[in-house]
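The following exercises are to be worked with the sequence and the three-dimensional structure at hand. Each task is followed by a solution in steps.

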Amino acid sequence: MDRLETMAVFVRVVERGSFAAAAEEFRISAAMAGVHVRTLEERLGARLINRTTRRHSVTEIGRLYYDRCKQILADVVDAEASAAQLKARPQGRLKVATPVSFGVHAIAPSCQDYMAGNPEVSIDLVVSDRPVDMLEEGIDVAIRIGELEDSSMIARPLMPYRSLICAAPDYLRTHGTPLQPSDLSGHRCLGFAHPVASKEWTLHGPQGAIRVPVSLALTVNNGEALRMAALSGLGIVMQPEILLRDDLRAGRLVALLREFQPRPIPMHVLTFPDRKPTPKVRSFVDFLCARFRNDAPATNAHAV
């Protein structure tokens, strides 16, 4: 028997003063109401109601148990009401994981617009380039950059993640401007300390992919630090467009080799495969897809 239903029958037997009256409310027989109460007594190993052929009375243990059952059933009603409210409109805390550069320069500035339309949602933004376990870390929504493997997670595509090659005007005045990819081999370049990327950059132009040997004068494990190094005139950097956009517009950096750029990387927003996601998750994902638009359909994705 369902324990909550059995507790509810017991509570109404106590309140209505008879098995028949309680049974009528639950549309069961008086005998079945008695079965519910006996089930509780057997589970507890104690008598809850003293019965005679004409009347019954609640025992001391029965009265204490009645009080606790009534509170538990009230808590269940409150919990269901709260869940119904959460289903009705976006509210509560939303935990979002995102890579550093995209989180700092795209997601964080966009939170104001989202929260202006959803004032009952608060956002816990986890900004990190390390792999995030969504389940273990309680992540509701995650932004992933790169190819995804198949899994049960739901992935909705965002705009491709594009990178650019650029340098500060001071660097170009001193060292000259590269006019073709092979010129990069004679310049000071800045990048991540990666076994492959630290030795060559792969660019895509009119004739396809080109691998260019590079010598990295500075390697850093953070895009913002590489940006600052490029702004200081230290060398040529290849970093995400979202990270460099404002500097390019202001003329602090100059885009180079426009016809030869790194291949754009796929970017997705991941959620758990809930057929009825909460309004806060659904509304935030819809907001991201509208702001960082891509027209490809939703797919399954690898979750890490």
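**Exercise 1. Confidence of the model**

Determine the average pLDDT of the chain, and state where confidence is lowest and where it is highest.

Solution. The model is a predicted one. Its chain averages a pLDDT of 87, and 91% of the residues score at least 70. Confidence is lowest in strand S15 (residues 299-301), with a mean of 48, and highest in helix H6 (residues 169-175), at 95. Over residues 296-300 the pLDDT is below 50; this stretch nevertheless has 14 contacts in the model beyond near neighbours in sequence.

**Exercise 2. The buried face of helix H7**

Identify the buried residues of helix H7 and explain why they line one face of the helix.

Solution.

Step 1. In H7, which spans residues 223-231, the buried residues are Gly-223, Leu-226, Arg-227, Ala-229 and Ala-230.

Step 2. Viewed down the axis of H7, these buried residues fall within an arc of 165°, and therefore line one face of the helix. As a general rule, an α-helix has 3.6 residues a turn, so residues three or four places apart point the same way.

Step 3. Packed against the buried residues of H7 are helix H5 (100-117), strand S8 (188-191), strand S11 (215-219), strand S12 (236-240) and helix H8 (241-250).

Step 4. The N-terminal end of H7 is capped by Asn-222, a side-chain oxygen of which lies 2.9 Å from the backbone nitrogen of Glu-224. After H7 comes Gly-233, with a positive phi near 90°.

**Exercise 3. The nonpolar cores**

Establish which residues of the largest nonpolar core touch the most other members, and which element gives the most to this core.

Solution.

Step 1. The largest nonpolar core has 23 residues. Those touching the most other members are Phe-102, Val-141, Ile-143, Leu-158, Val-269, Phe-284 and Leu-288.

Step 2. At least two residues of this core come from each of strand S3 (92-98), H5, strand S4 (121-127), strand S5 (141-145), strand S14 (267-271) and helix H9 (279-291). H9 gives the most, with six residues.

Step 3. Consider Leu-158. With neighbours within four places in sequence left aside, Leu-158 is in contact with Ile-143, Met-267, His-268, Val-269, Leu-288, Cys-289, Phe-292, Arg-293 and Asn-294.

Step 4. A second, separate core comprises 19 residues, among them Met-7, Val-13, Ala-22 and Ile-49.

**Exercise 4. Cysteines**

State how many disulfides the structure holds, and explain why Cys-111 does not bond with Cys-289.

Solution. The structure holds zero disulfides. The cysteine sulfur closest to that of Cys-111 is in Cys-289, at 15 Å, which is too far for a bond; the cut-off is 2.5 Å between the sulfur atoms. Cys-111 counts as buried because its relative accessibility is 11%, and Cys-289 is buried as well, with a relative accessible area of 12%.

**Exercise 5. Two strand residues**

Decide whether Arg-211 is buried or exposed, decide the same for Thr-271, and list the contacts of each residue.

Solution.

Step 1. Arg-211 is placed in strand S10 (residues 208-213). Its relative accessible area is 59%, so Arg-211 is exposed.

Step 2. Not counting residues up to four places away in sequence, Arg-211 touches Glu-200, Trp-201 and Thr-202. With the side chain of Glu-200, the side chain of Arg-211 makes a polar contact (3.5 Å).

Step 3. Thr-271 is found in S14. At 12% relative accessibility, Thr-271 counts as buried, since the limit for a buried residue is under 20%.

Step 4. Again excluding residues up to four places away in sequence, Thr-271 touches Met-134, Asp-140, Val-141, Met-153, Ile-154, Val-281 and Val-285.

**Exercise 6. Positive phi values**

Give the phi of Arg-27 and of Leu-257, then locate each residue and state its exposure.

Solution. In general, most residues other than glycine have a negative phi. Arg-27 has a positive phi, near 55°. Arg-27 lies in the loop between helix H2 (19-26) and helix H3 (30-44), and counts as exposed at 80% relative accessibility. Leu-257 likewise has a positive phi, near 50°. The loop that holds Leu-257 runs between strand S13 (254-256) and S14; Leu-257 is buried there, with a relative accessible area of 9%.

Definitions and conventions:
Residues numbered from 1 in each chain as written. Heavy atoms only, no water. Buried < 20%, exposed > 50% of the residue type's maximum accessible area, 1.4 Å probe, protein only. Helix = DSSP H or I, 4+ residues; strand = E, 2+ residues; numbered from the N terminus. Arc of directions from axis to C-beta. Contact = heavy atoms within 4.5 Å. Polar contact = N/O pair within 3.5 Å; in protein donor to acceptor, adjacent residues only side chain to side chain. pLDDT = per-residue confidence, 0-100. Core = buried A, V, L, I, M, F, W, Y, C linked by side-chain atoms within 4.5 Å.
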